[in-house]
Structures are given as structure tokens and as C-alpha cells.
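Biologist: I am new to this structure and would love a friendly tour. Could you show it to me before we start?

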Amino acid sequence: MAKIKIGIVGCGGIANGKHFPALKNFTDRMEIVAFCDIVPERAEKAAAEFGSTAKVYTDYRELIANPEVEVVYVLTPNVSHCEITVCAFEAGKHVFCEKPMASTSADAQKMLDAWKKSGKKFTIGYQNRFRPEVRCLKAACDRGELGEIYFAKAHAVRRRAVPTWGVFPNKALQGGGPLIDIGIHMLDAAMYVLGFPAVKSVTAHSFQKIGTQKSCGQFGEWDPATYSVED
């Protein structure tokens with residue numbers, strides 16, 4: 001069986017910490033043939049370690065135009081997910097996009113429209129759907145073992161610190177704080193388990209206390225003047 005040819009857009013933290021090591025376990029099924037990053041050294045380093053004969057780009061459009069690339073991995077800051085994904089679908093590529101799908105619902109809709117028009121495969125990195133406990137709960141709900149479900153609570157606690165690397169405190173690039181970063185996983189898991197019921201209304205509250213104070217987190221300093229997301 002021919003190997004799937006993958007192109008990576010974004011060779012930063014999530015790519016190196018999660019995707020490259022995972023893909024390395026499936027070299028019998030896939031090959032990374034192209035790497036792209038706006039910082040050329042990052043793309044070159046990734047290519048040297050994970051794709052010895054791969055092409056290196058600094059413009060994602062050039063990677064997508066490469067006829068060898070079949071699947072595009074979008075591993076960039078949230079606000080660029082839509083633009084890159086739509087471009088990939090218009091070029092006839094399959095797409096894996098990191099979570100969250102987009103930083104706005106309007107961008108998410110553009111991505112869905114482009115996907116449906118393309119006829120290609122599309123998935124978002126909501127890996128919690130594949131956790132054993134989530135799959136078990138989903139199966140129980142599908143079998144009707146819990147009766148009529150009329151209330152569900154999604155709750156997540158991950159760390160007692162602010163992620164200060166990358167663009168996490170920057171709302172203009174991230175689209176939000178822990179809700180769009182961690183909360184999106186729990187919301188997706190809850191909706192998945194319940195079979196994606198239709199949403200009638202949404203009400204929300206958010207708070208910002210940590211970002212207005214002097215940095216005291218274990219992940220490094222931040223500047224309260226540029227900390228623009230909720231806690």
C-alpha cells in the first residue's frame with residue numbers, strides 16, 4: 001500500500017512535542033514530504049530530524065501547491081487555521097487541523113463550507129474523544145443505559161500556572177484563554193458523548209485576575225500590559 005504523503009504547516013511547540021513523535025511511529029504508513037514555518041530554521045530542523053528528503057518552505061501556499069502533498073497538517077496559531085485550511089481544501093488536499101478549529105464561529109463556518117465543497121477528509125485535534133473512559137461513556141449513552149439525559153457538566157482542571165510560551169496570553173493571535181485552549185476539549189467531549197444536540201442558546205462568564213498581577217507562574221514571566229485573555 002502506498003504511503004500517505006503529509007505536509008506540515010507550523011513546526012513549533014505542538015508539532016515537536018506531539019505530532020512529530022507520534023507520526024514517527026507510523027513510518028510504514030505515511031511519509032512527511034514537506035515542512036513549512038515562518039521561521040526557516042524551525043522547518044529545516046524538523047526536516048532534518050523527521051523527513052530527510054522533505055522540502056522546506058516558509059510560505060504555506062508553496063507547500064500546498066506541492067503536488068506530492070496529499071494531507072496538510074495545520075499546526076499554527078489559532079487565528080491562521082481558517083486561512084490555511086481553506087487554501088488546502090481549494091487545492092484538493094485532505095486536512096488535519098489542530099484544535100480549536102478556529103478563533104471565531106465565522107471562520108469555522110468558512111472551513112466547513114470549503115471542506116464540504118472539496119469532498120476531502122477533514123478532522124480537528126479533539127483527541128479526548130478517543131480516551132477509553134470517554135468512549136465507554138459514549139457507548140453507554142448510545143445504548144440508552146443512562147435513560148434520558150437532560151443535564152451534563154463538563155469540567156477540566158489541568159495546571160496551576162499560565163502557559164507563557166507561544167501566543168497563549170495574546171487574544172489577537174489565540175482567540176481566547178483557557179476556554180479555547182483546554183475548555184474546548186471538555187465541551188467537545190460532552191457534545192460528542194451526547195450525540196451533538198442542537199444548541200438553542202449560550203450564556204457565559206469569564207474572569208481575568210491572574211493576568212493583571214505580577215507574574216508568579218512556574219512557566220515564566222508575563223507582561224500584564226499585553227496579557228489579554230481570560231484566566
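Modeller: Gladly. Helices (H or I, at least four residues) and strands (E, at least two) are DSSP runs, numbered from the N terminus. Please keep in mind that this is a predicted model.

Biologist: Thanks! In what pattern do helices and strands follow along the sequence?

Modeller: The chain has eight helices and six strands. Read along the sequence, their pattern is β-α-β-α-β-α-β-α-β-α-β-α-α-α.

Biologist: What radius of gyration does the chain have, and what would a compact globule have?

Modeller: The C-alpha atoms fill a box of roughly 50 × 50 × 30 Å along the principal axes. A compact globule of 231 residues would have a radius of gyration near 17 Å, and the chain agrees with this, at 19 Å.

Biologist: Which helix gives the most residues to the largest nonpolar core?

Modeller: This core has 26 residues, and L63, V72, M111 and F122 touch the most other members. Among the elements that each supply at least two residues are strand 2 (30-36), helix 3 (60-65), helix 4 (81-90) and helix 5 (105-118). With five residues, the one that gives the most is helix 4.

Biologist: And which residues is V72 in contact with, leaving aside its neighbours within four places in sequence?

Modeller: V72 belongs to the group that touches the most other members of the largest core. Setting those neighbours aside, its contacts are G7, V9, L63, I64, A88, K93, H94, V95 and F96.

Biologist: How many residues are in the second, separate core?

Modeller: Its members include F20, A43, F50 and A54. In total, this separate core has 18 residues.

Biologist: Is I149 buried, partly exposed or exposed?

Modeller: I149 sits in the loop between helix 6 (132-142) and helix 7 (171-174). Together with L137, L146 and L194, I149 forms a nonpolar patch on the surface, with about 320 Å² of accessible area together. Buried means under 20% relative accessible area and exposed over 50%. I149 has 36%, so the residue counts as partly exposed.

Biologist: Which peptide bond is cis, with omega near -10 degrees?

Modeller: Look at the loop between strand 5 and helix 5, where P100 is found. The cis bond there runs from K99 to P100.

Biologist: What is the phi of F196 near?

Modeller: F196 lies in the segment after helix 8 (178-193) and is partly exposed, with a relative accessible area of 43%. Its phi is positive, in a residue other than glycine, and is near 55 degrees.

How values were computed. Residues are numbered from 1 along each chain as its sequence is written. This is a predicted model: local features need pLDDT of at least 70, side-chain atom pairs count only at pLDDT 80 or more; totals for chains, interfaces and linings use all residues. Side-chain values use heavy atoms; hydrogens and water are left out. A nonpolar core is a set of buried Ala, Val, Leu, Ile, Met, Phe, Trp, Tyr and Cys residues joined through side-chain atoms within 4.5 Å. Buried means under 20% relative accessible area, exposed over 50%, partly exposed in between (1.4 Å probe, protein chains only). Contact means heavy atoms within 4.5 Å. Patches are made of residues with over 30% relative accessible area and no salt bridge: like charges are joined within 9 Å, nonpolar side chains (Val, Leu, Ile, Met, Phe, Trp, Tyr) within 5 Å. Accessible areas come from the Shrake-Rupley method with a 1.4 Å probe; for residues, only the protein chains shown count as cover. A salt bridge is a side-chain nitrogen of Lys or Arg within 4 Å of a carboxyl oxygen of Asp or Glu. The radius of gyration is taken over C-alpha atoms; the globule rule is 2.2 Å times the number of residues to the power 0.38.
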